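Welcome! Here is a short briefing to help you find your way around this structure. Take a look at it first, and then we can go through it topic by topic.

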Amino acid sequence: MGAAAIVNIVVCVKRVPDTAAEKKLDPNDFTLDRDSVESIMNPVDEYGVEEALKLKEVHEGEITILTMGPEPADKNAVRKALALGADKGMLVTDDRLHGSDAMATAYVLALALAQVEFDLVILGSESTDARTSLVPQALGQLMGMTALTNAKKLEVSDGKVTIHREEEGGYSVIESELPAIVSVVKGINEPRYATLKGIMSAKQKEVQVLSGDDLGIDPAMVGLDGSKSEVIEAIPRPPRQQGEVVKDDGDGHVKLADFLQQHKFI
Amino acid sequence: MGELWVVVDHEKGEPKKVSFQMLSAGRRIAEKLGHDLVGVFAGTGFEAAKEKLAKYGAGKVLVAESEEVEGYLVQPSVDLLTKLVQERSPEVVLFASVPYGKDLASGVAAKVGAGILADVVDIEPQDGGLVCAMSVFGGAMNTKCRIKGTPQIICVKPNAFVAEEAPAEAAEERIEVQVSDDAKRVKIADRVQQEAGGRPGVEEASIIVSGGRGLGGPENFRIVEELADVIGAAVGASRAAVDAGWYPHQHQVGQTGKTVSPQLYIAVGISGAIQHRAGMQTSKTIVAINKDADAPIFGLTDFGLVGDLFKVVPALTEELKKRKGG
Ligand SMILES: Cc1cc2nc3c(=O)[nH]c(=O)nc-3n(C[C@H](O)[C@H](O)[C@H](O)COP(=O)(O)OP(=O)(O)OC[C@H]3O[C@@H](n4cnc5c(N)ncnc54)[C@H](O)[C@@H]3O)c2cc1C
Ligand SMILES: Nc1ncnc2c1ncn2[C@@H]1O[C@H](COP(=O)(O)O)[C@@H](O)[C@H]1O
């Protein structure tokens, strides 16, 4: 094998509220009060960062972390990825972005990506808060590309990317020339932990903070007003009514079969 | 009078159940709004699908059949649907809220600049528009949303709607398919089937039986599979079981797996950690089998059985076989 070609990678990372934490929504516009809850890097995005780090071990190149969200919290999410070994960060932050939906987010990310040179963009297959999974393919299309979604295996060689796309009962092998945009699923790798050295060195790394104007964003396309979907009601899910709990005394299976039959499952 | 489109989710002409569910929901909405219900079929195998779709109300179907489309990932279909939407301006387009359907839908929405909602479980016409319901934050919050402008692109969660027959006369309009060079950049080189067919996938299934760490090892997933097969269920798994390598990841239910809302969810040897609940707590009926009476999963159940799964589950499987037979 000759010298590996340079592969520059951008990983899109989102900060999300911790699943275990209680969420509060702003009663006026139903957006998440992101500062009132514990937040973490979207768990699936950790796999995206790890995949980039693994590629970098083989190919030369730079890893840029791209996040859209408010400061300072989202800067911390970017720093977390830098501590793992990514090279630099890009944070798009602007009050006018508040309340952007998946499509508006994809629009902003596409404009941010227009500012960097990349061979590969990696996203998570979905975020745990909204879980829409809409951003990766919307971003692909806005960039005039097709996103290779739901990779459970990813390989880059000779200017080509090949993924195993997770599907029901198996997978498809998908190929594309670089540059490409890929989303990865949980389990594609085993994310590493940050070392103390990594955390220290992350403080020195550059995080470029960009405003809407820096990217030439059309305000009519973003935020609550620019988003084409709107939330009109949000209420905590009422707790489930607990039903019968039976202790098995040898006939538990009969009682359960009765229950299933009464409810017409057999 | 506008049109409401249902983009048929199918495997080589065999429609997925969600397609019939979307047609039934679509018909109800179209009637209320005075729209025409139109099916959209892209791919191959329409002859096999035709009668079935008509039975659920898809009188008119736009048919774009092409072998070529199958060789490339989503782009030929995204381009085709984008063109159709731009030419014919439907009011509403329904897609299946499954990975492939969402890829298509978000691709089309991005290209036509339309609003889109995913994981929708209810749709109500209101003030001339549509109000869609979905749950977010792992089922912790129920929200209602609206889309501004048209077309309104809505991804419908499998099993959210009941499929009802409403025979219509089959009529098709053939659409010419052109695959551009750009659409050929991302190729499908191979399809690998790892699991025997026959069992439904977790996202589509109306019943799911899931196994967790309580099973103790990969070989014991057989116990779960046997129960699943008597009741026509899909097999799910907790993260603990998947991470241990006992079952493939595409079966994982929860925060970092699939979010499901089947009619019936049976948790076997699963404690019910919040990250697991995030993927299944919107199931209509929940049953758990666990030897620990304090397991948090019992906080969600309609029927809980405290007992040893190695005794209870095989006995249940036999009991159900007996009842089905007699
Ligand atoms: C960021 C993050 C994301 C996560 N995402 C997910 C996710 O997507 N899905 C998910 O499931 N988890 C997820 N988890 C993990 C989750 O927190 C739990 O660790 C996991 O769900 C536990 O799986 P389990 O219930 O199978 O195992 P355990 O919690 O070990 O439970 C096993 C249960 O089996 C019972 N049992 C044992 N033997 C028997 C027997 N003979 N008969 C009957 N019952 C028996 C026990 O009483 C126990 O309740 C996530 C965690 C984190 C931090
Ligand atoms: N605000 C954001 N900033 C950066 N990346 C994002 C953002 N929102 C979504 N993404 C990326 O898109 C993926 C899918 O998110 P979603 O479509 O919201 O489920 C995530 O895993 C991220 O990689």
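A good place to begin is A:Lys186, which, apart from neighbours within four places in sequence, is in contact with A:Val44, A:Tyr47, B:Arg239, B:Val242, B:Asp243, B:His249, B:Gln252 and B:Thr256. Please keep in mind that this is a predicted model.

**A:Lys186 and its partner**

- A:Lys186 sits in the loop that runs between β10 (180–184) and α5 (196–202) of chain A.
- With a relative accessible area of 4%, A:Lys186 counts as buried, because buried means under 20%.
- Its side chain makes a polar contact with the side chain of B:Gln252, at 2.5 Å.

**Ligand 1**

- B:Gln252 also leads us to ligand 1, since one of its polar side-chain atoms lies 2.7 Å from an oxygen atom of that ligand.
- Two further contacts of ligand 1 are worth finding: a backbone N or O atom of B:Val253 lies 2.8 Å from a nitrogen atom of the ligand, and an N or O atom in the side chain of B:His276 is 2.8 Å from an oxygen atom of the ligand.
- On its own, ligand 1 has 980 Å² of accessible area, and the protein covers 78% of it.
- In chain B, α6 (239–243), α7 (274–277) and α8 (309–325) are the elements that give two or more residues to the shell around ligand 1.
- There are 25 residues around ligand 1, and the nearest are B:Ser238, B:Gln252, B:Thr256, B:Ser271 and B:Gln275.
- Sorted by class, this shell has 14 polar, six nonpolar and five charged residues.

**Ligand 2**

- Which residues come closest to ligand 2? Of the 20 that surround it, they are A:Cys12, A:Asp45, A:Met68, A:Ser127 and A:Ser133.
- An N or O atom in the side chain of A:Asp45 is 2.5 Å from an oxygen atom of ligand 2.
- Backbone atoms take part as well: a polar one of A:Met68 is 2.9 Å from a nitrogen atom of ligand 2, and a polar one of A:Gly124 is 3.0 Å from an oxygen atom of ligand 2.
- Ligand 2 exposes 480 Å² when taken alone, and the protein buries 97% of that.
- The elements of chain A that give two or more residues to this shell are β4 (63–68), α3, β6 and α4; the largest share, three residues, comes from β4(A).
- By class, the shell around ligand 2 has nine nonpolar, seven polar and four charged residues.

**A:Ser133**

- A:Ser133 is placed in the loop between β6 (120–124) and α4 (135–142) of chain A.
- A:Ser133 is buried, at a relative accessible area of 18%.
- The side chain of A:Ser133 reaches the backbone oxygen of A:Ser125 at 3.0 Å.
- Not counting residues up to four places away in sequence, A:Ser133 touches A:Ser125, A:Glu126 and B:Lys102.

**Nonpolar cores**

- The largest nonpolar core has 99 residues, and those with the most contacts inside it are A:Ile65, A:Leu120, A:Leu154, A:Val161 and B:Phe95.
- Helix α3 (residues 102–113) of chain A gives the largest share of this core, nine residues.
- Apart from this core lies another of 35 residues, among them B:Ile207, B:Val235, B:Phe303 and B:Leu316.

**B:Ile223**

- B:Ile223 belongs to helix α5 (residues 221–230) of chain B, and at 10% relative accessibility B:Ile223 counts as buried.
- Leaving out residues up to four places away in sequence, B:Ile223 touches B:Phe310, B:Val313 and B:Pro314.

Conventions: Residues are numbered from 1 along each chain as its sequence is written. Chains are lettered from A and ligands numbered from 1 in the order in which they are written. This is a predicted model: local features need pLDDT of at least 70, side-chain atom pairs count only at pLDDT 80 or more; totals for chains, interfaces and linings use all residues. Side-chain values use heavy atoms; hydrogens and water are left out. Helices (H or I, at least four residues) and strands (E, at least two) are DSSP runs, numbered from the N terminus. Buried means under 20% relative accessible area, exposed over 50%, partly exposed in between (1.4 Å probe, protein chains only). Contact means heavy atoms within 4.5 Å. A residue is near a molecule or strand if one of its heavy atoms lies within 4 Å of it. A polar contact is a pair of N or O atoms within 3.5 Å; within protein, one must be able to donate a hydrogen and the other to accept it, and residues adjacent in sequence count only if both atoms are side-chain atoms. Accessible areas come from the Shrake-Rupley method with a 1.4 Å probe; for residues, only the protein chains shown count as cover. Ala, Val, Leu, Ile, Met, Phe, Trp, Tyr, Cys and Pro count as nonpolar, Asp, Glu, Lys and Arg as charged, and the others, Gly among them, as polar. A nonpolar core is a set of buried Ala, Val, Leu, Ile, Met, Phe, Trp, Tyr and Cys residues joined through side-chain atoms within 4.5 Å.
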